[in-house]
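Hi everyone, thanks for making time for this. I'd like to walk you through a structure, so let me put it up on the screen.

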Amino acid sequence: MNRIGSCSTIPLSCCLITGLEVALTDLQSSWNNVYHHTEDMSVDHLLVRRGQAFNITLYFRNRGFQPVVDNIIFVVETGPLPDPAKGTRAVFNLGHHGGPHSWIALPETQGDTSLEVSLCAPPSAAVGRYLLKLHINSFQGSITAYKLGEFILLFNPWCPGDAVYMDSEPQRQEYIVNDYGFIYQGNKNWIRPCPWNYGQFEENIIDICLELLDKSLHFQIDPGTDCALRGSPVYISRVVCAMINSNDDNGVLNGNWTENYLDGTNPAEWTGSVAILKQWHATGCQPVCYGQCWVFAAVMCTVMRCLGIPTRVITNFDSGHDTDGNLIIDEYYDHTGRILANKKKDTVWNFHVWNECWMARSDLPPGYGGWQVLDATPQETSNGLYCCGPASVRAIKEGEVGLNYDTPFVFAMVNADCMSWLVYGGKEQKLHQDTTSVGHFISTKSVQSDGRDDITDNYKYKEGSPEERLVFQKALLKLKASRSQGALQDESQPSRALSQSSPRSLDTPSLRPGDVIQVSLKFQLLDPPNMGQDINFVLLALNMSPQFKDLKVNLSAQSLLHDGSPLPPFWQDTAFITLPPAEERTYTCQIPYAQYSQYLSTDKLIRISALGEEKSSPEKILANKIITLIYPGITINVLGAAVMKQPLSIQVIFSNPLSEPVEDCVLTLEGSGLFKKQQRILIGVLKPHHKATITLKTVPFKSGPRQIQANLRSNKFKDIKGYSNVFVEFAL
């Protein structure tokens, strides 16, 4: 306790009662933190949640508290410019009940020279670091002031009056307390869980999260107003969203989609948020290199859960990136079936990852609270900054694209139509418009299990249903109306470039050319696409007409980045297929490992395409398939019972899946409550198909359910993953 003021000399005429003096303050951090679900953050520093009481004990030097004689006044302040008018400074008397937006101090138990006091912040108070002061107004009119200490105030999903209140305890445990999870990657035909260590309760993470708020442009420009607005989860979520990327400021992560990561870490190698946030802090808040969508979303999940806002990570497979706001994703192909780099920058990402945060939306019409989309990946600006959301998930499903924030962009990610064009001889020929190719298997980790929840129905009605098409047309009409007005009516809606739509972009869905000439093309894998092995597949051609069909089919294969950007083709073939009436033929293909290995991107994606034409028809038939190459996983065995503060042996088994040696192998392991920091083990060279085993020891320092995350990288691959769940018993 720091003494701020001192008592005045007491006149002899004032009886024998001396002024009340505080000798010591016990903030009861350990007990309060347990009661406020913050004990995993700290037991030494006070961290409490708004709308929920916490107790402190005052110990007096000379006598006990006398309510008739002593007037105790508490003062709380946050931010560099505390101001009662802005709610960042509050003065409140012991025993006086204020309104619903007031701080409260009530006496609890009184000893001979002590007093236990219950303090409670209003459920709308600004979150952040607070200074707690106390003034004692003695009977003779003198005032003694004390600085009692600091505490951190967080959002409270356990409090019904808080805007982030969540009424399900299992959901609160999953979306606030759980410090590990899965981020789904791969493609819609092969969805794989990627383990992640969120680590929101690890040492110093809360301090880094508060530092992140103070480094935002909002705080730098107007710290007083910024701190005052920190009671709003809508405001906080937009600030954090902009700070996770570094496009406008010294945010946490630099994005990189170039495949050149020599001056940083390949995004595929990360297995947790803690190392990223601590590196950002340790380097004076310099952006960490590098991140892509799942890394941005995972780090944002850590920060939001740490601050007390229920948050989960969402993966959308075949995610649209509509740059011109017409709800159409244009894709261009040449005559060989090769997908071309898009001149409009519209793309369909193989998968895209964002966050959902739970909050009330008093700024929207009733019914649009609950889960809100926040996307920290820097794609488009919103009110001048690279952030996206919060966009109401219900508004997205209902096509209410005029509601804040960035709802049109998110709507397109899950429900845009896709238009395919053939570029030939300087002209563009429309191949077909697909109304179902965007937004599949929208996924998140299940509550309190390792399963995957498909939440696609939260975002849109069933593809092809009348409701889905009506919502799409409703959204399109709203965007056309806003385009004709030059801007959305709501001034706070971000200004996205809505280009003048060509007639083609608003066409109703057309028949596929295959429906016209009654031929279909489809790819089918013959074997699992294991890394290091040849890829074997067939092209299935089906004649649905009563006439013979002579087809010429151009086939190609090219690597893709997960954001849909194509790399140059590395394999091409031409097939001539004669189809008898109502019959099917197959054309067998093989892409040798030696041919694709040198062209493979980190994302391990290969797109095979077929562009067919029938000599009696000008129509073209397009078929394509995305293949994600499969690596063997890492096996992690926990040897013996896991008990807090007792040594634990962990066995890790991994192998080189390739028929060639790999170099520069590094194994990393981490796990909140199990390792104090990320473990890096230099392996060196692994011989072809060689299996290796290592055993290491650690001492768990937190009890309960835990997870170990592992990654193996080399000069040939970057992200062989593995995980193991561990339950750590409490040490008596």
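I'll talk about a sheet to begin with, and then about some cysteines.

One thing to keep in mind as we go: this is a predicted model.

Okay, the sheet. In what order do the three strands of this open sheet run? The order is 16-20-21, and the pairing is mixed. At the edges you've got strand 16, covering 328-333, and strand 21, covering 427-434, and each of those pairs on one side only. Going from one strand to the next, the twist averages 25 degrees.

Now zoom in on strand 20, which is residues 417-424. Strand 20 and strand 21 pair in the antiparallel sense, over seven bridges. If you want one residue pair to look for on screen, try W421: its bridge partner in strand 21 is K430.

On to the cysteines. A quick reminder for anyone new: a disulfide is a covalent bond between the sulfur atoms of two cysteines. So how many disulfides does a search of the whole structure find? Zero.

Let's take C241. Why no bond there? Because the closest cysteine sulfur, in C387, is 5.1 Å from the sulfur of C241, and that's too far for a bond; the cut-off is within 2.5 Å. C241 also counts as buried, because its relative accessibility is 0%.

Then there's C665, which is in no disulfide either. The nearest cysteine sulfur belongs to C194, and it's 19 Å away. Is C665 buried or exposed? With 2% relative accessibility, C665 counts as buried.

That's it from me, thanks for listening!

Terms used:
Residues are numbered from 1 along each chain as its sequence is written. This is a predicted model: local features need pLDDT of at least 70, side-chain atom pairs count only at pLDDT 80 or more; totals for chains, interfaces and linings use all residues. Side-chain values use heavy atoms; hydrogens and water are left out. Two strands pair if DSSP finds at least two bridges between them. Helices (H or I, at least four residues) and strands (E, at least two) are DSSP runs, numbered from the N terminus. Axes are lines fitted to C-alpha atoms, for helices over the stretch in contact, and angles run from 0 to 180 degrees between N-to-C directions. Buried means under 20% relative accessible area, exposed over 50%, partly exposed in between (1.4 Å probe, protein chains only).
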